[in-house]
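User: Please take a close look at one part of this model, the central strand region and its surroundings, and explain in connected prose how the pieces fit together.

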Amino acid sequence: MSAPRHRLLVVDDSNVIRRRIERANELPQIEFVGAARNGLEALEMHALLHPTLVTMDLTMPAMDGAECVAKLVQRDPRLRILVISALADKLTAIDALEKGASGFLCKPFSDRQLNDAMRKLIDT
Amino acid sequence: MSLETEIGVFVDGVLNYFSTAVQQGAQCGTPHLALNDNPDLADYTGVIQVSGKRTGLVAFTAPKSMLSVMLMRMQETDMSHENLSDLAGEIANTLAGNARREFGHQFQISVPVMHSDRASPLPYPATSRPMVIPIDWRNYHARLIVCLD
């Protein structure tokens with residue numbers, strides 16, 4: 001088994017979703033390093049943990065995901081961000097990608113869909 | 001968009017949620033207008049406030065037993081009150097958020113709020129009656145309540 005090469009930070013205001021993403025990860029290249037409940041916490045955790053991958057919810061208190069994506073990418077342009085959101089309209093997805101996200105996965109998701117999206121993220 | 005089409009958007013969202021998130025399909029009963037202005041609520045109710053082009057709310061209400069089994073299906077071991085509340089809110093959030101595919105970008109949704117007092121009514125818009133979509137999953141019964149101006 002290969003050693004993890006990617007450090008994953010999970011950002012979502014739902015504890016159920018944060019834990020689910022952590023549990024569902026089947027990719028040995030990815031190591032879960034931490035979780036944040038909103039955009040502000042995510043910025044703090046990024047500075048502390050130096051993740052290389054982020055999953056990002058959009059609708060969150062304190063600082064929403066779209067603003068956080070823009071700030072994280074400004075700070076670290078190599079960071080790969082998978083937006084995982086229930087907001088299913090095209091404009092939302094396009095906006096997230098324009099702000100610097102690398103991919104978009106719509107909630108609800110299965111474990112398989114999550115792993116496929118994460119695999120695409122690290123293969124790009 | 002007709003009322004029938006709008007309700008269909010939420011019914012499709014419910015069916016997709018259960019078949020995807022817990023990998024076990026649900027069935028929706030006949031959607032109906034609430035007989036009184038305050039439909040019965042179950043143990044846990046997650047509420048999403050809707051603003052923008054439409055105003056009102058989307059709420060998911062379910063018994064503790066149902067939410068516990070759903071968490072188990074997600075391999076979750078933490079069955080605390082906080083996690084059960086969290087799941088009810090997350091389901092409401094997902095169903096309201098998915099509706100934007102049809103309602104558009106201007107269908108703006110809040111973060112989930114838990115409604116903990118079953119006896120008190122949800123904050124429905126004064127000019128609308130709540131629409132109730134019954135949800136049957138395994139032997140459990142939940143409801144999606146949609147009330148939009």
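Analyst:
**A strand and its setting**

In this predicted model, strand β3 (residues 53-56), helix α3 (residues 65-75) and strand β4 (residues 80-85) of chain A form a β-α-β unit that is right-handed. The two strands of that unit, β3(A) and β4(A), run parallel and are joined by four bridges, and within β4(A) it is A:Ile81 that stands opposite A:Val54.

On its other flank, β4(A) pairs with strand β5 (residues 103-106) of chain A, again in the parallel sense and over four bridges. Here A:Ser85 has A:Cys106 of β5(A) as its bridge partner, while A:Ile84 stands opposite A:Leu105. The connection between these strands brings in helix α4 (residues 90-98) of chain A, and β4(A), α4(A) and β5(A) together make a right-handed β-α-β unit.

How enclosed is β4(A)? Six of the six residues of β4(A) are buried, so the strand is largely enclosed by the rest of the structure. The burial applies to both faces: A:Arg80, A:Leu82 and A:Ile84 point one way, A:Ile81, A:Val83 and A:Ser85 point the other way, and all of them are buried.

Seen in its wider setting, β4(A) belongs to an open sheet of five strands in chain A, whose order is β2-β1-β3-β4-β5 and whose pairing is parallel. The edge strands of the sheet are β2 (30-36) and β5 of chain A, each of which pairs on one side only. With direction ignored, neighbouring strands of this sheet are turned against each other by 20° on average. Helix α3(A) packs on the sheet, where it touches β1 (6-11), β3 and β4 of chain A, and the direction of α3(A) makes about 180° with that of β4(A).

Towards the other end of the strand order, β1(A) and β2(A) run parallel and are joined by six bridges, with A:Ala36 of β2(A) as the bridge partner of A:Val11. These two strands and helix α1 of chain A make a right-handed β-α-β unit as well.

Helix α1 (residues 15-24) of chain A also leads to the partner chain, through A:Val16, which is found in this helix. A:Val16 counts as buried because 25 other C-beta atoms lie within 10 Å, where the cut-off for a buried residue is 20 or more. Residues up to four places away in sequence aside, A:Val16 touches B:Glu76, B:Asn83, B:Asp86, B:Leu87 and B:Glu90.

For the interface as a whole, 22 residues of chain B are in contact with 22 residues of chain A. On the side of chain B that touches chain A, the elements that give two or more residues are α1 (3-21), α3 and α4 (100-103) of chain B, and the largest share, eight residues, comes from α3(B). By class, that side of chain B has six nonpolar, eleven polar and five charged residues.

Chain B also offers a helix with a buried side, α2 (residues 64-73), in which B:Met66, B:Leu67, B:Met70 and B:Leu71 are buried. These four cover an arc of only 135° around the axis, which puts them on the same side of α2(B). As general background, an α-helix has 3.6 residues a turn, so residues three or four places apart point the same way. The cover over the buried residues of α2(B) includes β3 (44-52), β4 (56-62), α3 (81-98), β7 (131-137) and β8 (140-148) of chain B.

Some backbone details in the loops of chain A deserve a separate note. Most residues other than glycine have a negative phi, and most peptide bonds are trans. A:His50, which is not a glycine, has a positive phi of about 50°; A:His50 lies in the loop between α2 (39-49) and β3 of chain A, and is exposed, with 12 other C-beta atoms within 10 Å. After the edge strand β5(A), the peptide bond from A:Lys107 to A:Pro108 is cis, with omega near 0°, and A:Pro108 is found in the loop between β5 and α5 (111-123) of chain A.

Conventions
Residues numbered from 1 in each chain as written. Chains lettered and ligands numbered in written order. Predicted model: local features only at pLDDT ≥ 70, side-chain atom pairs only at ≥ 80, totals over all residues. Arc of directions from axis to C-beta. Contact = placed C-beta atoms within 7 Å. Nonpolar A, V, L, I, M, F, W, Y, C, P; charged D, E, K, R; others polar. Pairing = 2+ DSSP bridges. Right-handed = clockwise from strand over helix to strand, strands pointing away. Axes fitted to C-alpha atoms, helices over the stretch in contact; angles between N-to-C directions.
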